[in-house]
Amino acid sequence: MLTSYRVSCEAARRAVLAAAVFAGMALPAAADILASYETGGRDLFSVRVPDNWVVSAGGFEARQAPEGIGAVPRVLGLRPEEDPRIWVGFVSPDGVATIAEAEAYIQSLDLRLVEDPQVGAPERVVIGGRSARTYTGTGTREGRPVNFTIALIDMPGARTVIGVIVGENGARGLYRDEITALVRSFRPM
């Protein structure tokens with residue numbers, strides 16, 4: 001199945017109106033930029049992109065995908081425009097229907113995001129109104145210390161979403177507000 005993401009501007013109509021009004025008076029115009037993740041012709045979730053962040057699509061290689069799981073899906077990646085020390089990614093693999101299956105799936109991947117990971121105990125949380133399990137930990141990336149969080153989100157139907165935040169020590173604090181807003185904006189569709 002084809003997996004993709006789409007970036008849309010919810011306020012396009014307002015922006016055009018604001019541009020017309022701008023000629024006469026200066027009024028602030030706000031645009032909400034959404035990145036949505038689609039698979040099989042169906043939008044699964046969306047997140048609001050923080051100002052001055054970039055969105056990319058990519059993938060990763062599986063060492064050995066668990067039985068019954070299809071091709072490795074595309075990853076929706078986000079990071080600050082001028083700072084590669086922070087990366088946030090989301091993926092929803094076909095055939096991964098439960099949190100337990102998402103845990104097995106994560107263990108099957110060669111993510112190459114963190115070397116020598118030390119992972120803490122799972123925590124049950126709610127993300128976007130959905131039950132989720134998060135793991136936090138530390139490791140290194142290209143020789144530099146990093147912190148990471150992995151979120152396994154139970155979605156409607158037989159799906160899960162896997163979210164990952166990886167940041168060099170100190171950098172996550174610089175983007176705490178943006179990351180918090182991004183996670184809070186997660187919405188199943």
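The paragraphs below lead through this structure from its overall make-up to individual strands and residues.

The structure is a predicted model, in which local features need pLDDT of at least 70 and side-chain atom pairs count only at pLDDT 80 or more, while totals for chains, interfaces and linings use all residues. Residues are numbered from 1 along each chain as its sequence is written, and side-chain values use heavy atoms, with hydrogens and water left out.

The protein chain contains four helices and 14 strands; these elements are DSSP runs numbered from the N terminus, with helices (H or I) of at least four residues and strands (E) of at least two. Of its 189 residues, 39% are buried. Here buried denotes a relative accessible area under 20%, exposed one over 50%, and partly exposed a value in between, with a 1.4 Å probe and protein chains only. The accessible surface of the chain is about 10,400 Å², and carbon and sulfur atoms contribute 53% of that area. Such areas come from the Shrake-Rupley method with a 1.4 Å probe, and for residues only the protein chains shown count as cover. Among contacts with a separation of 6 or more, 58% join residues 24 or more positions apart, a contact being defined by heavy atoms within 4.5 Å.

Strand E13 offers a suitable point of entry. This strand, residues 159–168, is largely enclosed by the rest of the structure because ten of its ten residues are buried. Burial extends to both faces: one side carries Arg159, Val161, Gly163, Ile165 and Gly167, and the other carries Thr160, Ile162, Val164, Val166 and Glu168. E13 pairs with strand E12 (residues 144–155) in the antiparallel sense over ten bridges; two strands count as paired if DSSP finds at least two bridges between them. Within this pairing, Met155 has Arg159 of E13 as its bridge partner. The hairpin of E12 and E13 has three residues between the strands, and in it Gly157 adopts a positive phi near 75°. E13 also pairs with E7, again in the antiparallel sense, over six bridges, and here Ile86 is matched with Gly167 of E13.

Thr160 belongs to E13 and counts as buried because its relative accessibility is 0%. Beyond residues up to four places away in sequence, Thr160 touches a set that includes Val91, Ser92, Pro93, Ile99, Ala102, Ile153 and Met155. Ser92 itself sits in the loop between strand E7 (86–91) and helix H2 (99–108). With 0% relative accessibility, Ser92 is likewise buried. Its side chain reaches the backbone oxygen of Thr160 at 2.8 Å. Apart from neighbours within four places in sequence, Ser92 is in contact with Tyr37, Leu44, Pro73, Arg159, Thr160 and Val161.

The aromatic residues form another part of the picture. Phe45 lies in strand E3 (residues 42–48) and is buried, its relative accessible area being 0%. Although Phe45 and Met189 are 144 residues apart in sequence, their C-alpha atoms are 5.0 Å apart. Other residues touched by Phe45, leaving out those up to four places away in sequence, include Ala35, Leu76, Met155, Val161 and Pro188. A pair of aromatic rings is described by the distance of the centres and the angle of the planes. The structure holds five aromatic pairs. One of them joins Tyr37 and Phe45, which are stacked, with 5.1 Å from centre to centre and 10° between the planes. Rings of Phe, Tyr and Trp (its six-membered ring) pair if their centres lie within 6.5 Å; planes under 30 degrees apart are stacked, those over 60 edge-to-face, and the rest tilted. Both Tyr37 and Phe45 are buried, and ring pairs link these two with Phe90 and Phe186 in a cluster.

Some residues with greater accessibility complete the account. Ile33, in strand E2 (residues 33–39), is partly exposed because its relative accessibility is 31%. Its C-alpha atom is separated by 8.7 Å from that of Asp51, 18 residues apart along the chain. Most residues other than glycine have a negative phi. Asn52, however, has a positive phi near 65°; Asn52 occupies the loop between E3 and strand E4 (53–58) and is exposed, at 59% relative accessible area. Glu142, which is not a glycine, also has a positive phi, about 50°. Glu142 lies in the loop between strand E11 (130–141) and E12, and with 64% relative accessibility it counts as exposed.

Definitions and conventions. A polar contact is a pair of N or O atoms within 3.5 Å; within protein, one must be able to donate a hydrogen and the other to accept it, and residues adjacent in sequence count only if both atoms are side-chain atoms.
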